[in-house]
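Student: I would like to learn how to read the inside of a protein and its sheets. Please take me through one example.

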Amino acid sequence: MHVLPTMAILEIILILCQVIPLVRTINTKFFPCDTDQNNTAVDCHQRPLKRVYIKSTTVVTLNLSQTKIQQVELNTLSGLPNLKTLKMMGNCPPDHQSTLENRSCKMKIRYYAFKGLLKLQFLYLSGNSLTSIPWLPESLKVLDLQNNCIFTIIYPLKTPHLEELFLSKNCFYANPCNQSVNISEKVFRELPKLKNLTLGYNNLTAIPKGLPPSLESLDLRENTITEVLEGAFANLTKLKFLNLEWNCQRCDHAARPCFPCPQNLPLLLHPKSFYVENSSITFLSLRGNSLKTFPEGLFRPLKNLQRLDLSDNLLAYAIRNGTFFAELKGLTWISLIYNYEPLKTFKKLILSPHIGNISGLQYLLLSGNFFHMLPDESFNVLSKLQNLKKLELRMNFINTCNLKALKQLPSLINVDLSQNMLNFLPCCLSPSSEVVAQGSCQQPNMYSHNVPLPLMLIDREVTPVTSDIWKSDQLNRQEILEDDLPQFPSSLWKKFCHHNLTLDLSQNDILSLKKEVFVGMENAVCLDLSFNYMSQALQKGLFDGMKHLVFLNLSYNRLDFYYNNAFSELKTTLKLLDVSNNDFHFKMRGMGHRLEFIQNLTNLEVLSLANNGIGMRIDQRLISSSLKYLYFYGNRLDIMWDNNKYTHFFQNLTNLTYLDISNNELRSITPELLCNLPGSIKTLRISSNQLYYFPWQNISALSNLTHLDLSQNVLTYLPHKVIEFGAYFSLLDLSHNRISSIPVDFFSKAKYLQYLYLSHNQIKELNHQFLPTPFQNGSALQKLTLHANPFKCDCDTSWFADFLRTTPVEIPYLTTHVHCEYPESQQGNSILSMDQRSCQDIYGSLASLICSFLVVMFTVLPLLKHLYGWDLWYCLQVLWAGHKGYSVLAGSDSRQHYDAFVVFDTENQAVRDWVYNELTDNLENSGHRRFCLCLEERDWIPGLSCIENLHNAVYNSVKTVFVLSSGATGSETVNGVIRQAFFMVQQRLLDEKVDAAVLVLLDEMFPKLKYLQLRKRLCRKSVLSWPRNPMAQPLFWNQVRMALSSDNLKFYDNNMSESFL
């Protein structure tokens, strides 16, 4: 009876044991380095490490690139016996490539530093300024020594299993050595399995000898090789990739330091320079070698050659009459770009008839050869290339082109005529009365000699087609966070145009469009007319012949879309339309605009109206039942939505799923505006605005919303309310705002949220007791960004570090860019460096100390009281009396009723007038604080003796002000009352240690009494003189108020106050 439940319990326990380890996805065993769950791969890239502290038998991959490690000792890596991959790149680049702070670094690797790594297969040591090669294990397969200072390799590496060796950039203009890198033949002889060898940028003067026959790829780019001897590669029967570019450089349009061969001679090639019996070469690059022609038979042995790069040479005439094309029958791709003749522009591009014999050619690149027209003879040559897919004629100054001739190429799917001088003026007609692309209505010159050409800065990099063959040797960089949202027009262009006829006429001189212009383009599916000079109002009929047009790019022009029948002939085919950056007419004051043409394009799916500055005098609604993607960024919705006229602007786009209204200078979005957006929207971008308010409670109106981007705004808070996110809502981007807290209720119904971006905000901490739903275990959240927030790292928030370690959510840059900002002692430290146990230790130690103190108190004090009770009481009383000193007897009235008692000579009429008209008026009746003064004639109690009234006035006042003035004879006038008051103030100073005296001198010539001189030295701010300048009187009253409000002891001179008291 109990067997079944027991088995069920065991099964549940087994499942839990398998699931629990999967919960912990962020392993911080080797913090600050990242580690996978099995502790097999450790990534310390860009960490501020100065030494290697990792010891583990499970680690097989270790990345120490771009750290501060500059020394590898014999035992540094001894704790990693099973290591297979070690990356230590860019820790100490050569001087010319390093930052100022790393100019003096010196990387030192002990010769036997890798002695214990007997299983090491991949070793990357580029960018470390190494001058020699350390001992290498025999198991090594890949060795990267690029960007170092290794100039000589004489002894064999003793790595018989090595397959890839990277030695580029050890001696070139950015890492000079003033010599040629020397590699002994013995080194290559003992590498029987080497397949990939890079020796570029090493100042080599000749093809290295003794290269292993196992080579499949050889890179010799940017050296100083002047000649390729016959049979230089005769033994390399497996070689597939050969790069010899930029050895005898052409410098008339170089973008970087250029080093031509002596006397500007081309690279010397012999008929058998590439001779290999049964050659396997499929790619050959001779780019940038100043070549003008080729010896006969040079390419004949290359039976398998498919791709040939001859760009940046001087082959202008060879293209016209070269016979070497006949030897390239198996070619599928050839680049002849930038082979123009210096200071010369040809009237026509004449193609060698032998090009027509390359029957399998698919890609022909002829950009940068400088000619005005492509004649019919050249089209006849091209017509033989029945497999040609791409024809590139960019940057050639073409002003005449018969596009109708392109119909002779049935396989052609990409024609690039951009960056030329085509304008399709109708005044120049062809013999068949058809308009051809023409540069001007005048007869062009047959030849243009000595024409200054623009300086073109073309970087010496591999062409796009070869780039996917040859991988870049740069360090991998982490990409910016992406949310996989569609981008216009790249991804959509590829979707609709990748395998269809595409015609690029961008960046030409086209002034206007007429239907005759598109003669020869009738089969085009994608047409790019961007970056021209078209300034016209489009009307019906312009594209009558374009029966297959799907994609039309008219961006960066000056077009006007006022007529509602524009593009109407394309309503059944056109799906993508880009009319962005046509802001010329939209910014004209007082000019009306219409976008009614959109309604007639019944198949239009994607429309870009971006960067047009649309803000007023436009249709009140956009209407379309087919539009899915609308790009409306870079306009002025802040103006349109400032009144109710355009509240329903997007509402009639009933099938819209993607709306981008970024960069519209919006400051807020009202609930009404949000509710009037199409309910079909799935992705809404409102980034890069100035939003400080968003109607979160109305987001439920967009029931199909899945992605919301509010990044790059100025939002400061999220409401403390439950927000009804839809059932499909999965991504919210709030990065780059000013949000300081995450309310617990805000995400309570975002049950399907998978991506939450909160980076670059002002979040300091999260409430542990009320954690938002996405942060709790069991939520659907998959990715969370938190970097660049000013987190507080103290014991109250130490739980957060533990949460980040244990959460299954992916948190990019967790170990590198999630830092503490508060308190100041933790500023800049990783939040993962916090240890919750250290806080427990602090609290535990404090509790132990308090408990120990209480035990001592309750144990020792009763014992002392029992033995020495009376003695302790007597000692405490004596000490207390000594501390208190003399004080007023109990029962005496020590309360002070007045702020000051004013003593003056009541018989001196001038003094009386000053006291009653100036002193009382400024202190009792004006000013921020009103003082309560005691005056003899006004406040003394009648019936009491003079001495009693005087005693009460002095002791019941905080301060006693003595108003002194010299008599008519110039002597002091001090009556009996003033003298008695002075004595009482002095007695009060001795009894109560209270200095209450403030002296006001009405005459500058008052006699120099010794007491006044001493008083001025001891407490200058309590001796005041009545100024004769009326402008200084406000300052005087301010000083009086300060003297009455402050304790005189604070004004005492520090050099005398201690001795006085």
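Tutor: Start with a definition: a nonpolar core is a set of buried Ala, Val, Leu, Ile, Met, Phe, Trp, Tyr and Cys residues joined through side-chain atoms within 4.5 Å. Buried means under 20% relative accessible area (1.4 Å probe, protein chains only). This is a predicted model: local features need pLDDT of at least 70, side-chain atom pairs count only at pLDDT 80 or more, and totals for chains, interfaces and linings use all residues. Residues are numbered from 1 along each chain as its sequence is written, and side-chain values use heavy atoms, without hydrogens and water.

Student: Which residues touch the most other members of the largest nonpolar core?

Tutor: In general, nonpolar side chains of soluble globular proteins tend to be buried together. Here the largest core has 220 residues, and Leu 552, Phe 567, Leu 630, Phe 650 and Trp 696 touch the most other members.

Student: Which residues lie in the other core?

Tutor: Apart from the largest core lies another of 23 residues, including Leu 1002 and Trp 1037.

Student: How do I read a sheet?

Tutor: Strands pair through backbone hydrogen bonds, either parallel or antiparallel. Two strands count as paired if DSSP finds at least two bridges between them. Strands are DSSP runs of E, at least two residues, numbered from the N terminus. One open sheet here has five strands in the order β42-β41-β43-β44-β45, with parallel pairing.

Student: Why is one side of β42 and of β45 left without a neighbour in the sheet?

Tutor: Both stand at the edges, each with a single partner strand, so one side of each has no neighbour there. β45 pairs with β44 (residues 997-1001) over three bridges. Leu 1001 has Ser 1025 in β45 as its bridge partner.

Technical notes
Buried means under 20% relative accessible area, exposed over 50%, partly exposed in between (1.4 Å probe, protein chains only). Helices (H or I, at least four residues) and strands (E, at least two) are DSSP runs, numbered from the N terminus.
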